[in-house]
Amino acid sequence: MSLRHDGIMGAMSPRKRDRFTGSLLEKPTLERGPVATVALLRPVDKPYSYRVPAELAATVKPGARVRVPFGRSGAPADAICLAVSEGVWETSLRPILSVDESSEPIPERLLELGQWVSRYYAAHLGRTLDLLVPRAARRKSGWRKVRYVRIVPTQESASSKVSEPGRGTPANDESAANVKKRRPSAFAEKASRIASALTAAGGRMELVALCSAAACSTATIQTLVRRGRATIEIEREPQEAAAPVVERHEPSFSLNEDQQAAVEGIESAMAGGGFSVQVLFGVTGSGKTEVYVTAIRRVISAGRQAIFLVPEIALTTQTITRLAARFDRVATLHSGLSDVERSRAWSAIARGEVDVVIGTRSAVFAPCPRLGLIVVDEEAEPSYKSQASPRYHARDVAVRRASLEGVVCVLGSATPSLETWQNLKTRAHYKLLRLPRRVGDLPMPQVHLVDMHEEHHARGGVHLLSREMEARLAATLNQGQQAVILLNRRGYASYLHCPKCRYVATCPRCSVRMVFHQTTGQVHCHYCLNRVNPPVQCPMSDCDGRMVRFGLGTQRVEEELARKFAGVRARRMDSDVMQRAADYAEVLSAFERREFDVLVGTQMIAKGLDFPFVSFVGVVSADTALAQNDFRAEERTFQLVLQVAGRSGRGFAGGHAVVQTFAKDNEAVQHAVRGDYEAFAERELASRRRNHLPPATRMVRIVLADQQASKLAKESAAMADRLRVILAKRNIGGTVQPAREAPIARLRDQYRHEIVMVFSGGDAVLAAMDAFRAEGALRSAIQSVVVDVDPVSLQ
C-alpha cells in the first residue's frame with residue numbers, strides 16, 4: 001500500500017509518539033482547522049474524529065482510506081473518511097497519520113448508501129464500507145506497471161546541455177570555435193531527439209513509446225536519468241477488462257402491445273428525472289428481458305449506465321451471453337470471477353467505460369459514475385439476501401440506491417415478493433406494469449397435478465417419478481424435445497434411519513439429518529460440510545437393526561432416469577457439481593446446443609432460464625418447502641411451482657408440466673397449478689395481517705450461539721429483557737418475543753437460541769437498531785451474536 005506519512009510523527013513508534021505528544025500537550029489549547037470523521041475498519045459502532053494535518057489536507061476526502069492512531073497505545077489502524085469539516089478542536093486531538101493514495105475514494109453516493117446499509121442492517125460501519133470495494137479492486141490485481149519518463153526543467157533546453165558520456169563539458173583550453181565545429185556525437189543526437197519528443201508530449205511520456213519516437217534504447221534514457229536530466233516514474237494502470245466474445249445478434253421480432261406499454265411506462269418515469277420503482281409483473285415467457293433491453297438502450301443513448309441484477313450465477317451466465325450480443329460494453333460482477341477479472345471489471349466500470357453491469361447481489365454496489373437505471377430480475381428470489389454481515393437484501397438496497405441517485409429501479413418477476421406487492425398498494429412511488437400474455441401469444445403450459453398418496457397406493461415398489469410424469473417425459477423425448485426435472489433437494493437420500501428403533505443419523509456437530517450422497521458413498525452435513533461413512537448397523541446399543549436410506553435427492557432422480565429411459569442424455573445441475581461459474585456456463589451452453597435431453601437440478605434451474613426446445617417440466621416434489629418451519633413456506637412453494645412450470649412451452653411445440661405432491665389440497669399448490677398469482681397474494685397477505693407477520697410488519701431476528709448451553713440460555717434471556725426495556729423507555733413501537741431455542745438448535749458445535757422482534761415499519765426498525773447499538777444492548781459475553789433484519793430464513 002502506497003502511503004504518505006506526516007513527518008516526524010509518522011516515523012515514530014506508537015509508544016514514542018505517545019511520550020512525545022504527552023510531554024508537549026499537557027495543557028491542550030483550542031485551535032481551529034479541518035477535522036475528519038472516520039469509520040474504523042474494526043468491530044466498533046461509532047465514528048471517531050481526527051484532525052487533518054496541513055500536509056494531508058489535499059488528500060483527506062470523504063471516502064478515502066486513511067490510517068489513524070487508535071486506542072491508548074496509538075497503534076495505527078485503517079479507517080475510511082466519512083466527512084471533513086472545519087471545526088474547533090483541542091490540540092490533544094490526534095492527527096491522521098497517512099492516506100492510502102493508491103486506492104480511489106468511495107464515491108459520494110456509494111458512501112451514503114453504505115452508511116444506510118450499516119445503520120439499517122445493524123452492521124459495523126467501517127467493515128460495511130470496506131466491502132463496497134472488493135479487495136481485488138483495492139489491491140489493483142491484474143494492473144500493469146508502466147514506466148513514464150519526465151523531463152527535468154532547466155534554464156537551458158535539454159538538447160543544449162546534454163553531455164556526451166565520458167567527455168564532460170568543453171575544456172578551458174578548447175576555443176568556442178572548435179566546439180562549434182565539432183560534430184555532435186551519436187549520444188547527443190539521441191538526447192536531442194528524446195528532449196524534443198518529451199517536450200512535444202508535454203514533458204512526460206511512456207518509456208516504450210519514447211524509445212520508439214526517439215529511435216533510442218532504454219540505456220540512453222537511463223544515462224539521462226543518472227545525469228539528472230530526466231526521471232522515471234513507475235505507475236500502475238488498469239488493463240482493459242476482457243469483454244465477452246459473443247457474436248452480435250438482434251432478434252427479428254418487435255415488441256407486442258403489452259411490452260411497448262411497459263417500455264413507455266419506464267421511459268415516462270425516466271423522463272421525469274426522479275426516483276420511482278416500476279414493478280414489471282409478467283407471466284413466464286412474456287418477454288420481460290426485451291423490455292429491460294429496450295429500457296437500457298434508452299439509458300445508454302442518454303450517456304448513462306445501467307445495473308442489471310440476477311439472483312444466481314447460472315442466470316448471470318445466460319444473461320451475459322444474451323446481453324453481450326445486444327450491447328458493446330458489458331461487464332460482469334459475481335463470485336465466480338478471479339481477482340484479476342474482478343479488479344479489471346471494477347476499474348472499467350468506475351472509469352465509465354462500461355454501459356451495462358450484470359451481476360449477482362454485490363453488483364448493486366458497482367461504482368457507476370453515470371448511473372441511470374437499476375434492473376432487479378426475479379426480485380423475489382431469497383438469494384438476493386446476504387447470509388454474511390452485512391446481511392443486506394440486494395433488492396431493497398437497489399431501491400435505496402435508486403432513491404439516492406434519483407433514478408428508476410425496475411423490479412421484475414412472474415411471482416413478485418409479497419413485500420413488493422404490498423408496496424404497490426401502500427407506496428406512491430411504486431408503479432405496476434403488466435405483461436399478461438406470452439410473447440407470440442404462445443399458450444401457457446398445461447399443468448397436471450399428481451397426488452402421490454394415490455400414486456403409491458396404486459403402484460407397487462419405490463418410484464420417484466409417477467406414471468403421469470414418465471409418460472409425459474417419454475412423449476417429449478420421442479418428439480425430439482427437451483425436459484427439465486426439478487427436485488429442490490440435492491444428494492441421494494434425505495436421511496438414514498433404522499426402521500426398528502426409528503433412530504435417524506444426525507450430524508455429530510449439528511442438530512440436522514445427514515444426507516447420503518451416492519457419488520461419495522458418504523453421508524454429508526449440508527451445514528458444516530462434515531462427511532462420514534454411513535453406518536450399516538444401527539449405532540444404538542440396545543438395537544440390532546440395519547440402517548436404511550430414505551427420501552429422495554437429485555442424484556437418485558438421475559439414477560432413476562438412467563434406469564427407466566435407456567440411453568437418455570441427462571445431466572445434473574446442483575451445488576454438488578457446480579463448483580465454478582464456468583461449470584454453469586458449460587452445462588447451460590451444452591443444453592442450449594441440445595447436446596443432452598434432460599436437465600435435472602435444484603431451484604437454481606427454476607427461474608429465469610429460457611430454452612425454446614424445453615416442452616416438458618417435472619416437479620418431483622412440490623412439498624419440500626412446505627415442510628419447513630417458516631411463515632414463508634407457502635409463498636416459496638407457490639413461487640417455485642409456478643416458476644419452474646413456466647420453463648416449458650416457450651417454443652411452438654407447446655408445453656406440459658407435471659407437479660407431484662402429497663399435499664394436493666394445499667391452497668398454495670392449487671393456486672400455482674392454476675397460475676393465479678393475484679388470488680394467492682391476496683389470500684396470503686390477509687393471513688399475514690391477521691398474524692402480524694411481514695410484510696404487514698417488519699421482523700428482526702437475533703441468533704445467539706455458544707458452546708455452553710446453560711450460559712447461552714441465561715445470556716439470551718437477559719438480552720431479550722434489555723431490548724424490551726429500551727423499546728419501552730424510548731417509546732418505539734415493537735414487541736420482543738421470549739428467547740427460545742432456534743429451529744436448528746445446534747450448528748457447528750454451538751448451541752443456538754433466537755430472539756424474534758416485530759416492528760410496525762421500517763422507521764421503527766431504524767430507531768430500534770440505533771437505540772440498541774447506542775446502549776450496547778446487542779453485545780454479549782457469548783461466542784456469537786448475529787442480527788438479521790428482514791430475515792428470509794428462520795432456520
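## A tour from the domain 3 and domain 4 interface

Across the interface of domain 3 and domain 4, the rule finds 3 salt bridges, a salt bridge being a side-chain nitrogen of Lys or Arg within 4 Å of a carboxyl oxygen of Asp or Glu. This is a predicted model, in which local features need pLDDT of at least 70 and side-chain atom pairs count only at pLDDT 80 or more, while totals for chains, interfaces and linings use all residues. Residues are numbered from 1 along each chain as its sequence is written, and side-chain values use heavy atoms, with hydrogens and water left out.

**Colour the domains**

Begin by colouring domain 1 (30-133), domain 2 (143-152 + 186-238), domain 3 (257-434), domain 4 (446-493 + 551-691) and domain 5 (698-789); these bounds come from an automatic or database domain assignment. Show domain 3 and domain 4 alone, and their C-alpha centres lie 27 Å apart. Their contact (heavy atoms within 4.5 Å) takes 26 residues from domain 3 and 29 residues from domain 4. Between them the two domains bury about 2400 Å², of which 55% is on carbon and sulfur atoms; buried area here is the accessible area, with a 1.4 Å probe, that two parts lose on being put together, summed over both.

**Salt bridges**

Next select Arg632 and Glu419, which form a salt bridge whose closest N and O atoms are 3.2 Å apart. How many salt bridges does a search of the whole structure find? The search finds 50, and several of them make useful stops.

Select Asp396 and Arg395, whose side chains meet in a salt bridge at 3.0 Å, N to O. Asp396 is partly exposed, with a relative accessible area of 24%, whereas Arg395 is buried, at 6%; buried means under 20% relative accessible area, exposed over 50%, and partly exposed in between (1.4 Å probe, protein chains only).

Move on to Lys564, which forms a salt bridge with Glu560, the closest N and O atoms being 2.9 Å apart. Both residues lie in helix α19 (residues 554-564), 4 residues apart, which is about one turn of the helix; helices (H or I, at least four residues) and strands (E, at least two) are DSSP runs, numbered from the N terminus. Lys564 counts as partly exposed at 26% relative accessibility, while Glu560 counts as buried at 3%.

Then select Arg730 and Glu775, whose side chains meet in a salt bridge at 3.1 Å, N to O. This pair links distant parts of the chain, 45 residues apart, with Arg730 in the loop between α24 (709-729) and β29 (734-736), and Glu775 in the loop between α25 (762-774) and β32 (784-789). Arg730 is partly exposed, with a relative accessible area of 41%, and Glu775 also counts as partly exposed, at 35%. Elsewhere, salt bridges that share partners join Glu455, Arg459, Arg467, Glu470, Glu560, Arg563 and Lys564 into one network.

**Aromatic rings**

Now display the side chains of Phe, Tyr and Trp. Rings of these residues (for Trp, its six-membered ring) pair if their centres lie within 6.5 Å, with planes under 30 degrees apart counted as stacked, over 60 as edge-to-face and the rest as tilted. By this rule the count comes to 13 aromatic pairs. Select Phe365 and Tyr392: their ring centres are 5.3 Å apart and their planes stand at 70°, so the pair is edge-to-face. Phe365 lies in the loop between β13 (356-359) and β14 (371-377), and Tyr392 in the loop between β14 and α15 (394-405), so the pair ties together parts that are 27 residues apart in sequence. Both Phe365 and Tyr392 are buried.

What is the geometry of the rings of Phe638 and Tyr677? Their centres are 6.0 Å apart and their planes at 50°, so the pair is tilted. The two residues are 39 residues apart and link distant parts of the chain, Phe638 being in helix α21 (residues 633-645) and Tyr677 in helix α23 (residues 677-690). Phe638 is buried, with a relative accessible area of 0%, as is Tyr677, at 4%. Add Phe281, Trp421 and Phe680 to the selection, since with Phe638 and Tyr677 these residues form one aromatic cluster.

**Charges over rings**

Select Arg594 and Phe613 next: the charged end of Arg594 sits over the ring of Phe613, 3.9 Å from its centre. A charge sits over a ring if NZ of Lys or CZ of Arg is within 6 Å of the ring centre and within 35 degrees of the ring normal. Arg746 likewise lies over the face of Tyr751, at 5.7 Å from the ring centre.

**Last stop: Ser347**

Finish at Ser347, which has its place in helix α14 (residues 339-350) and is buried, with a relative accessible area of 8%. Leaving aside neighbours within four places in sequence, Ser347 is in contact with Trp143 and Pro238.
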